[in-house]
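Colleague: I would like to learn how to read a structure like this one. Could we go through it feature by feature?
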Amino acid sequence: MAQTIAPAASAAPRPDPAVAELLQSVVDTARAIFGAQASSVMLLDAAAGELAFEAVSGQGQEFLVGRRFPAGRGIAGWVAASGEPMVVDDLRDSASFDRDIAESTGYVPDALMAAPLVRGDRVLGVLEVLDPSPQARSGLPELDLLGLFARQAAVALHVLTAHTPRPAPDVPDARDAPDAPDGPSRTELLRLLAEARRLLGE
């Protein structure tokens, strides 16, 4: 079988420590709240047509970050394309589940929940929770909770993509203010990081 995941050598720039810490807090908290075996945040690289692992908690945590797979495949690909969340209680009966991709990561789940990371009208990526406890995937409240974590991750990824390096202007330009390190998006990022820490400590 061909390897479907490769190192993300051309992935987006790695996030600053605050972004990385928030993304890790999101997946750690989601995994704990849902009693899951693993949780991950994947960033959509639309130009390459791929999803890249940005943060992983649990199974695969040691080696999956930075690796990628085709965005058009699997449940994560469907969620990224549709912008809709998905819960699958038995992946053996799911036509959307790509077992080859799962096997190439070294972990094949039996059930999963996935939600898109949406900022404005853009899907930035996907949050997945793998093998959550049966009680944690029973209905709409659980999907709403997963959506909360996905919104937190979307803010972090928005900050990541909004702060790409660019040449410094000769004179200060007021148009640069929203992207400054202390701008509103960074303030929101730090607030969500504090909230994620609080949830993880409860």
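Colleague: Which residue follows H2, and what is the sign of its phi?

Modeller: Bear in mind that this is a predicted model. The residue after H2 is Gly83, and its phi is positive, near 75°.

Colleague: Which residues of helix H2 are buried?

Modeller: Buried means under 20% relative accessible area. In H2, which covers residues 74-82, that holds for Gly74, Ile75, Ala76, Gly77, Val79 and Ala80.

Colleague: What do the buried residues of H2 pack against?

Modeller: They pack against strands: E2 (38-45), E3 (50-58), E4 (67-70), E5 (86-88), E6 (112-119) and E7 (122-130).

Colleague: How many cavities of 30 Å³ or more does the structure hold?

Modeller: There is 1, with about 280 Å³ of space in it. Its lining consists of 24 residues, and Ile101, Ala102, Thr105, Glu128 and Leu130 lie nearest the centre. E2, E3, H2, helix H3 (99-105) and E7 each give two or more residues to that lining. The largest share, 4 residues, comes from E2.

Colleague: How do the lining residues of the largest cavity divide into nonpolar, polar and charged?

Modeller: The lining has 16 nonpolar, 5 polar and 3 charged residues.

Colleague: Where does pLDDT stay under 50?

Modeller: Where pLDDT is low, the predicted coordinates should not be read in detail. One such stretch is residues 1-12, with pLDDT under 50 and 29 contacts beyond four places in sequence. Residues 164-184 are also below 50, and have 12 contacts beyond near neighbours in sequence. The protein chain averages a pLDDT of 76, and 68% of the residues score at least 70.

Terms used: Residues are numbered from 1 along each chain as its sequence is written. This is a predicted model: local features need pLDDT of at least 70, side-chain atom pairs count only at pLDDT 80 or more; totals for chains, interfaces and linings use all residues. Side-chain values use heavy atoms; hydrogens and water are left out. Buried means under 20% relative accessible area, exposed over 50%, partly exposed in between (1.4 Å probe, protein chains only). Contact means heavy atoms within 4.5 Å. pLDDT is the predictor's confidence in each residue, from 0 to 100. On a 1 Å grid over the protein atoms alone, a cavity is a set of points where a 1.4 Å probe fits but cannot get out, and a pocket is an open set with protein on both sides within 12 Å along at least five of seven lines; lining residues have an atom within 4 Å of a point. Grid points are joined across faces, edges and corners, and a volume is the space filled by probe spheres set on the points. Ala, Val, Leu, Ile, Met, Phe, Trp, Tyr, Cys and Pro count as nonpolar, Asp, Glu, Lys and Arg as charged, and the others, Gly among them, as polar.
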